[in-house]
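User: I should like to learn how to read the features of a protein model. Could we work through one together, beginning with a single residue?

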Amino acid sequence: MENWGIVGYNWLVQQLQNAVVEGVLSQSLLITGPESVGKHTLALALAQALLCEAVIPSQRPCGKCSACRRTASGVHPDLRLVEPETPGRGVKIEQVREMERFLSLTPNESAHKIAVIADVELMNSNAGNALLKTLEEPPAYAYLILLATDADTLLPTIVSRSQHFPLRPLDDATIAHALMERWGVEEAQAWRLARLSGGRMGWAVRALTDPTHLQAMEAALEKLLALLQMDLPARFELAQTLAQNSADLPQLLEYWRLGWRDVLLLQQANPQELMFLEQRAALEALAARLDVASTMRMLRTLTATQADLLRNANTRLLLETLFLDWPE
Ligand SMILES: [Zn+2]
């Protein structure tokens with residue numbers, strides 16, 4: 001199981017490995033979870049397990065053979081990664097049809113053919129129905145791995161035809177220890193990244209390798225602080241701008257939620273778990289200006305907005321309503 005390289009989710013990985021070894025894996029799998037929780041990583045590890053050249057089934061994925069290496073880099077000829085051409089938009093019907101053609105030809109090298117389809121919740125109904133057709137009668141050697149944030153937002157027929165593997169956020173300790181042991185991160189930084197990640201291993205690893213991740217987070221808090229200084233017309237204008245870049249919105253709102261959480265921690269004189277260490281002074285000023293009840297209301301309305309966004313409600317209207325409620 002170590003060869004899967006997955007942090008956490010031991011029971012789930014064990015279940016997948018058993019199913020692969022016994023040859024009873026469902027041909028349609030649905031992996032759900034928040035952005036950067038590790039859905040792609042798990043899908044690729046599963047594809048490795050199916051395509052690996054190791055002779056003994058229980059040793060798949062070996063991580064070393066040519067098939068494992070090419071699968072990890074997404075270039076195995078029996079693997080197809082289907083991703084939206086435009087971020088924030090779903091995979092198009094033409095891409096689903098192309099995937100169908102790919103699956104209809106027998107495997108090149110291995111016994112299987114695998115298609116991984118990202119952001120299934122963003123597909124329009126035409127593309128979704130085309131996908132459903134493939135799910136109904138896949139060729140015997142084919143596996144479809146669907147990735148989505150939330151099963152509730154998908155066509156029920158897609159969910160009912162798939163075996164569902166939900167990835168819930170991990171606890172801070174699992175992420176912090178993995179960062180220390182596997183990536184050699186020093187302890188304080190490992191715990192900070194673990195808290196910032198919101199339980200999402202993929203986020204923590206990307207924050208390590210790409211410093212713009214942490215910069216984006218700080219920029220998000222700057223935006224929050226600026227917003228609180230704005231009058232209503234300026235807030236509505238910002239709502240419009242943000243609604244136009246709706247792909248970035250879930251991450252922005254999550255950073256804002258962490259910002260309000262920091263304000264609440266400061267109000268309760270509990271600063272050990274602060275996320276935004278660099279902006280502590282500004283957050284302390286905010287904590288002093290507001291009472292605990294208002295901060296909790298901010299957190300509640302923000303969490304509700306995050307949930308409404310997943311349901312594809314009117315983004316601009318949601319943001320305007322949210323900003324109306326925020327203090328000046
Ligand atoms: Zn292998």
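Analyst: Let us begin with Ala269, which is found in the loop between α12 and α13 (280-289). The labels follow DSSP runs, numbered from the N terminus: helices are H or I runs of at least four residues, and strands are E runs of at least two. Please note that this is a predicted model, in which local features need pLDDT of at least 70, side-chain atom pairs count only at pLDDT 80 or more, and totals for chains, interfaces and linings use all residues. Residues are numbered from 1 along each chain as its sequence is written, and side-chain values use heavy atoms, with hydrogens and water left out.

User: What is the phi of Ala269, and is Ala269 buried or exposed?

Analyst: Phi of Ala269 is near 50°, which is a positive value in a residue other than glycine. As to accessibility, buried means under 20% relative accessible area, exposed over 50%, and partly exposed in between, with a 1.4 Å probe and protein chains only. Ala269 has 65% relative accessibility and therefore counts as exposed.

User: Where does Ser36 lie, and is Ser36 buried or exposed?

Analyst: Ser36 lies in the loop between β1 (28-32) and α2. Ser36 also has a positive phi, of about 65°, although it is not a glycine. Its relative accessibility is 10%, so Ser36 counts as buried.

User: Which peptide bond is cis?

Analyst: The bond from Arg60 to Pro61 is cis, with omega near 0°. Pro61 is placed in the loop between α2 (39-51) and α3 (66-72).

User: How should a metal site be read, and which residues are the protein donors of the zinc ion?

Analyst: One begins with the donors, which are N, O and S atoms within 2.8 Å of the metal (3.2 Å for Na, K and Ca); water is not among the atoms, so sites may look incomplete. Here the SG atoms of Cys52, Cys62, Cys65 and Cys68 are the protein donors, at 2.3 to 2.4 Å from the zinc ion. Along the sequence these donor residues are spaced C-x9-C-x2-C-x2-C. Two of them may be examined for burial: Cys65 is buried, with a relative accessible area of 14%, and Cys68 is buried, with a relative accessible area of 0%.

User: Why is the site of the zinc ion called tetrahedral?

Analyst: Ideal angles at a metal are 109.5 degrees for four tetrahedral donors, and 90 or 180 degrees for six octahedral ones. In practice, four donors count as tetrahedral if all angles lie between 85 and 135 degrees; four count as square planar and six as octahedral if opposite donors are over 155 degrees apart and all others between 65 and 115; anything else is irregular. The angles among the four donor atoms of the zinc ion are 105 to 117°, so its site is tetrahedral.

User: How many disulfides does the structure hold?

Analyst: A disulfide is a covalent bond between the sulfur atoms of two cysteines. It is recognised as a pair of cysteine sulfur atoms within 2.5 Å. The structure holds zero disulfides.

User: Into which domains is the protein chain divided?

Analyst: Domain bounds come from an automatic or database domain assignment. The chain is divided into domain 1 (2-166) and domain 2 (211-325), and the C-alpha centres of these domains lie 35 Å apart.

User: What is a nonpolar core, and how many residues has the largest one?

Analyst: A nonpolar core is a set of buried Ala, Val, Leu, Ile, Met, Phe, Trp, Tyr and Cys residues joined through side-chain atoms within 4.5 Å. The largest has 82 residues, and Trp256, Trp260 and Trp326 have the most contacts inside it. Helix α12 (residues 249-267) gives the most to this core, contributing 11 residues. Both domain 1 (2-166) and domain 2 (211-325) supply at least three residues each to this core. Apart from it lies another core, of 24 residues, including Ala142 and Leu146.

User: Which residues does Trp326 touch?

Analyst: Contact means heavy atoms within 4.5 Å. Not counting residues up to four places away in sequence, Trp326 touches several residues, among them Leu224, Arg235, Trp256, Trp260 and Met298.

User: With which residues is Thr305 in contact?

Analyst: Leaving aside neighbours within four places in sequence, Thr305 is in contact with Leu253, Leu318 and Leu322. Thr305 lies in helix α14 (residues 292-310), and with 6% relative accessibility Thr305 counts as buried.
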